[in-house]
Amino acid sequence: MSQYITIRRELLDDIIAHCKEVYPNEACGILAGRGNAIERAYRITNINNSTVTYEMDSREQINVKREIEKEGLKITCIYHSHPASPAYPSQTDIARAYWPGADDVLIYPDVYYVIVGHVNGALETRAFKVYPKQRPEKRYSQGLRPYGDTGSFCL
Ligand SMILES: [Zn+2]
């Protein structure tokens, strides 16, 4: 995957609308696209129904993965919200990017983790990539900032 991703404003708005709908619980979902462009956003039920954690409904996740393959797209990002904290990955978020018991093997080495945070009444969105074999606090990069004047965002 290239070094940046783009997302149209309407897709980002849809993700944010999802986060607001399930607030104060965490929202989660999958973004799919072609190359560096996100083309679809899929909402997934957070089976934890929690304000501090998320776990995707596995049946929905499988159906979404099938649909993504059928459309010839690839999983580009996994998103979730932090209803009461900034848009930075928690230790849990980072730990869960790895296969259980293998902290140097990423489950999705190519995906970006998009987080919608909520600080002092304002929403913020950032995307992170988790890298293996680095200290946890260095395991992500920050991004998703305005890109040109097309209403897109990029890393
Ligand atoms: Zn999180």
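**Exercise 1. Contacts across the chain**

Task: In this predicted model, what share of the contacts with a separation of 6 or more comes from residues 24 or more positions apart?

Solution:
- Take the contacts in the protein with a separation of 6 or more.
- Residues 24 or more positions apart account for 63% of them.

**Exercise 2. Layout and burial**

Task: How many helices and strands does the protein have, and in what pattern do they follow one another along the sequence?

Solution:
- Count the elements: 3 helices and 8 strands.
- Read them along the sequence: β-α-β-β-α-β-α-β-β-β-β.
- Add burial: 32% of the 155 residues count as buried.

**Exercise 3. Helix 2 and its end**

Task: What does helix 2 span from its first C-alpha to its last, and which residue just after helix 2 takes a positive phi?

Solution:
- Helix 2 covers residues 58-70, which makes 13 residues.
- At 1.5 Å a residue, 18 Å is expected.
- The model gives 18 Å, close to that expectation.
- Just after helix 2 comes Gly-72, with a positive phi of about 75°.

**Exercise 4. Asn-46**

Task: Is Asn-46 buried or exposed, and which residues does Asn-46 contact beyond four places in sequence?

Solution:
- Place the residue: Asn-46 sits in the loop between strand 3 (37-44) and helix 2.
- Apply the cut-off: a residue with 20 or more other C-beta atoms within 10 Å is buried.
- Asn-46 has 20 such atoms, so Asn-46 is buried.
- List the contacts beyond four places: Val-22, Asn-25, Glu-26, Ala-27, Cys-28, Tyr-54 and Glu-55.
- Check one pair: Asn-46 and Ala-27 are 19 residues apart in sequence, yet 6.3 Å apart in space, C-alpha to C-alpha.

Terms used:
Residues are numbered from 1 along each chain as its sequence is written. This is a predicted model: local features need pLDDT of at least 70, side-chain atom pairs count only at pLDDT 80 or more; totals for chains, interfaces and linings use all residues. Helices (H or I, at least four residues) and strands (E, at least two) are DSSP runs, numbered from the N terminus. The expected span of a helix is 1.5 Å times one less than its number of residues. A residue is buried if 20 or more other C-beta atoms lie within 10 Å of its own, exposed if 12 or fewer, and partly exposed in between; C-beta atoms are placed from the backbone. Two residues are in contact if their C-beta atoms, placed from the backbone, lie within 7 Å.
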